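Grab a coffee and work through these exercises with the structure open. Each task comes with a worked solution.

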Amino acid sequence: MGESAQPAAGATPAAPLLEVDGVTLQYKTKEHLITATYRVGFQVYAADRFVLLGPSGCGKSTLLKGVAGYLKPVEGQMRLKGREITEPGPDRVMVFQEFDQLLPWKTVKQNITFALMNGGRCTNRREADEIAVEYIRKVKLDRFEDTYPHMLSGGMKQRVAIARGMAMEPDILLMDEPFAALDALTRRQMQDELLALWEDTHFTVLFVTHSIEEACIVGSRILVLSPHPGQVKAELNAHHLEHHNVGDEDFAQLQRKIHDMLFADRILEEEASPHG
Amino acid sequence: MRPEIFVETLEKVDTADVERPLSWIERAWNVNGVRKATILIGLMVLWQAYTVIGDIEPLMFPSFGAAAQALYQSLFHSDLLEKIWFSLSVLLIGYAIGLGLAAALVMWATSSRIGGDFLATCTAMFNPLPAIALLPLAMLWFGLGVASIVFVTIHSVLWAVSLSTHNGFRSVSETLRMIGRNYGLRGIPYVTKVLLPAALPSILTGMKVGWAFAWRTLIGAELVFGASSGSGGLGWFIFENSQNLETAHVFAGLFTVILIGIAVENLVFRNIELKTVYRWGMQR
């Protein structure tokens, strides 16, 4: 945890936006009680691109759902702007991996105005329309305003979901592997677009992924979680890396560091085995 | 080592079939109504040919022409229209009450576990029970009038519609539910703005099945005692004519039942589906 003591790049604001403090999350399946995360703690500051990274089964998605308010911690506390998180609300908007997160009975524009009107950001239709159009333009879907979601490609659907999330101007945008179901080319393009949007408005985002590369490109700070139950292994800086750094020594080094951290146990196991 | 290949300029695509308008026959065949009308006309021709060529006794099986003529005659020179109206009004009352009760029941079933159990148990018990089997009891309780017919019609609508609506609610994806709650929707707005439209395909299916059940039950019930209420409906029309050995008129009555069924399916339900679930890509 030595590295987490270093301040994040740039001027760090006095108070963190989101505080997660010794949080243990559990959920029940039909036969088991599963501990998803164990005493996880971290702090997200305004304008962070904070990535939760770990192998599948490390509880990173569960942790995000906890922050969103769908799940109550059995131990520890989560606070947004100092107020404890108790239920889902429009101050923390989720963007999911699934393509069915758009309401199929509403057009692209209506999906955004639906969020704005019900989430309490707008009270009149005209204002909501204007904001929706502005964000549709930001994700380059101008021509598809009045299209129903089933006519869009996967990448376009994710763009609408992101536009909807950003239009709400939440305190923090929660993204649960939003690009995992896309093809490699589209994923790369979406990562770049997300970074461009961030350059534009410097929103705060909490981003879950299982891809080390994606974490290094998208994130400004990376929380590495161990598998089953998720515990904090490290908190690293990655604000200096983008797509054009992929070949660089810096990038490779960070990737290797994270890789070794995540798979250290497995390497030890292999060495111990007689065939190793 | 094989050489690498690069194509500098692509050959000009020179075939008419890159994008060719379909011929009018192909286009007409793509229209739903055209295909179905063709099937209907085929069946009519078969029927007419069978009765004429086979020289069938009209008392047993009248030709299509005779049946159509009887239908025309009853519609415009007799009281068939009145009977249709009578049947339809009873049907609509029963259908509407059935839908209302189903809505209330499903609300309860979605909001509490005991409600869900109640719905599951009741549909398991009553859905397989033919409405006609309840008719003797209904006559005992409500007398030989419209009330009894409405009662059995409600019974035939209620369980079918509740079952599929409840199934529709339960199969709404977890993601959509979470989205609804994320934007601050709770309680009734959550149900009407998220669950209801998301479950619409199942709800419409339930309404269609409910309509068919109600229609059958109604005709069956009227066959049993339409006359007692003074002005019987379609079922009574069929029964009366079969008693008088007016077989062509019996067919005319059956035609009416079929035609109304087709009209409701194709004009009402089909249009609702085209404007909603098809347009939204929730059903193909």
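**Exercise 1.** Find which exposed residues sit on the face of α3(B) turned away from its buried side.

*Solution.* Start with the outward face: Tyr72(B), Phe76(B) and His77(B) are the exposed residues there. "Exposed" means 12 or fewer other C-beta atoms within 10 Å of the residue's own, "buried" means 20 or more, and "partly exposed" is in between, with C-beta atoms placed from the backbone. Helices (H or I, at least four residues) and strands (E, at least two) are DSSP runs, numbered from the N terminus.

Keep in mind that this is a predicted model: local features need pLDDT of at least 70, side-chain atom pairs count only at pLDDT 80 or more, and totals for chains, interfaces and linings use all residues. Residues are numbered from 1 along each chain as its sequence is written, while chains are lettered from A and ligands numbered from 1 in the order in which they are written.

Next, flip to the buried side, made up of Ala67(B), Ala70(B), Leu71(B) and Ser74(B). Looking down the axis of α3(B), these fall within an arc of 100 degrees (taken from the directions from the axis to the C-beta atoms), so they line one face of the helix.

Last, ask what covers them: α4 (80-111) and α12 (247-278) of chain B are included.

**Exercise 2.** Work out how many residues of chain A are in contact with chain B.

*Solution.* Count pairs whose C-beta atoms, placed from the backbone, lie within 7 Å: 19 residues of chain A meet 15 of chain B. On the chain A side, β6 (92-95) and α2 (108-118) are the elements giving two or more residues.

Methods. Two residues are in contact if their C-beta atoms, placed from the backbone, lie within 7 Å.
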